[in-house]
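I opened my notebook to record what I looked up in this structure. The entries follow the order in which I looked.

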There are 2 protein chains.
Amino acid sequence: MFLEVDLSSDEPIYRQIRAQIVSAVASGELAPGDSLPSVRSLAGDLGVNMHTVNKAYAMLRDEGYVTMRGRSGAVIADITRMASPARAQEHRERLTAELARLATELKARGGTRDEFVRLATAQADAVFCPPGQGT
Amino acid sequence: MFLEVDLSSDEPIYRQIRAQIVSAVASGELAPGDSLPSVRSLAGDLGVNMHTVNKAYAMLRDEGYVTMRGRSGAVIADITRMASPARAQEHRERLTAELARLATELKARGGTRDEFVRLATAQADAVFCPPGQGT
DNA sequence: TATTTGTTATAGTACATATATAACAGATGG
DNA sequence: CCATCTGTTATATATGTACTATAACAAATA
């Protein structure tokens, strides 16, 4: 499996799992219709408790990334088409608030507007246009 | 005082206090040399425990925002000149990692590179070039 | 020198994280 | 149909963080 957890990290395990699955969705490594391993098998592979994985899955379900269907387990959803406008707007608001927070901290440390835009643009390029992609 | 806390917020009180002081430094409301209220008086004004304020002050000291001098209390530092290169680089690395995380989540939800850059630029303008400033 | 400062120590409550069993309803493959 | 696997829920325990409550300390200062 493509997942691994860092027990010594400050970030809770269930958030690490969620973040890595979201990252896989972003990169296309996981596409709509793909199945995730069951909470029990993934917990076994990672060496963590079942409930820790279940918490990550429940969060992904609440955020619209996956759907649960009885025995079929967790399946990646097409969040682009399925997403409720409410969830989409909620996400944009959180994103905006986080960007404002980061900009404020940079300004407090003597950073400039252009420096913030430059760093943000560099990360946008790194994430959306990774090297080795014909985009 | 310009500070207030939201007890019902998910954000810990000591982080709220820290964030608001950093924000005041960013806006210029607090300038190098300005004194902060004592941990006891601010705790009394906010209706929280002394240790909660002390935790925020200790964090600000560790980050280089303020200096402590015995009875003189907490004084805003000139972080632009005083900041150790190590702290500055550490902050930039954290900022870069957070920007990458936000960009990844937007991409996972079907957002585009340009949309991320647009949102980041808008927040940069809002924070660095607030309305009613001759900049 | 008496007071105020941040700092530290100790103790208690509340909540989040993670673990460990156990049982449940629903979907599904045989 | 039915045994099985799925996510889900219910307890219980342990640990860490957040917050509160007193209390005392060294350092700086008016």
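**Entry 1: His91(B)**

I started with the neighbours of His91(B), which touches Glu105(A), Leu106(A) and Arg109(A), residues up to four places away in sequence not being counted. Contact here means heavy atoms within 4.5 Å. I then looked up where His91(B) sits, and the place is helix H5 of chain B, residues 85-108. Helices are DSSP runs of H or I with at least four residues, strands are runs of E with at least two, and both are numbered from the N terminus. Is His91(B) buried or exposed? His91(B) is buried, with a relative accessible area of 5%. The cut-offs are under 20% relative accessible area for buried, over 50% for exposed, and partly exposed in between, with a 1.4 Å probe and protein chains only.

I noted the conventions before going on. This is a predicted model, in which local features need pLDDT of at least 70 and side-chain atom pairs count only at pLDDT 80 or more, while totals for chains, interfaces and linings use all residues. Residues are numbered from 1 along each chain as its sequence is written, chains are lettered from A and ligands numbered from 1 in the order in which they are written, and side-chain values use heavy atoms, with hydrogens and water left out.

**Entry 2: chain A**

I listed the elements of chain A and found six helices and two strands. Along the sequence they follow the pattern α-α-α-β-β-α-α-α. The domain assignment gives chain A domain 1 (13-81) and domain 2 (84-128); such bounds come from an automatic or database domain assignment. The centres of these two domains, taken over C-alpha atoms, are separated by 26 Å.

I also wrote down the box that the C-alpha atoms of chain A fill, roughly 50 × 35 × 35 Å along the principal axes. Chain A has 135 residues, and buried residues make up 37% of them. Of the contacts in chain A between residues at least 6 apart in sequence, 45% join residues at least 24 apart.

**Entry 3: the two copies**

How is chain A laid on chain B? A turn of 180 degrees with a shift of 0.0 Å along the axis does it, with an RMSD of 0.1 Å. The two copies are thus related as by a two-fold rotation axis. The superposition is by least squares on the C-alpha atoms of residues with pLDDT of at least 70 in both copies. I looked for the residue of chain A that comes closest to the axis and found Ala120(A), with its C-alpha at 3.3 Å. The copies meet through the same surface, because 100% of the interface residues of chain A are also interface residues in chain B.

**Entry 4: DNA strand D**

I counted a residue as near a strand if one of its heavy atoms lies within 4 Å of it. DNA strand D is surrounded by 26 residues, and the closest are His51(A), Ile13(B), Tyr14(B), His51(B) and Thr52(B). Among the strand D atoms within 4 Å of the protein, 60% belong to sugar or phosphate and the rest to bases.

Next I checked polar contacts, which are pairs of N or O atoms within 3.5 Å; within protein, one must be able to donate a hydrogen and the other to accept it, and residues adjacent in sequence count only if both atoms are side-chain atoms. A phosphate oxygen of strand D is 2.5 Å from a polar backbone atom of Ile13(B). For Tyr14(B), an N or O atom in the side chain is 2.7 Å from a phosphate oxygen of strand D. From the other chain, a backbone N or O atom of Val39(A) lies 3.1 Å from a phosphate oxygen of strand D. H3(A) supplies the largest share of the surface near strand D, five residues.

**Entry 5: DNA strand C**

I repeated the search for DNA strand C, which is also surrounded by 26 residues, Ile13(A), Tyr14(A), His51(A), Thr52(A) and His51(B) being the closest. H3(B) gives the most to the surface near strand C, with five residues.

I ended on Arg40(B), which lies in helix H2 of chain B. Arg40(B) is exposed, with a relative accessible area of 61%. One of its polar side-chain atoms lies 2.9 Å from a base nitrogen of strand C. For Arg61(B), an N or O atom in the side chain is 2.9 Å from a phosphate oxygen of strand C.
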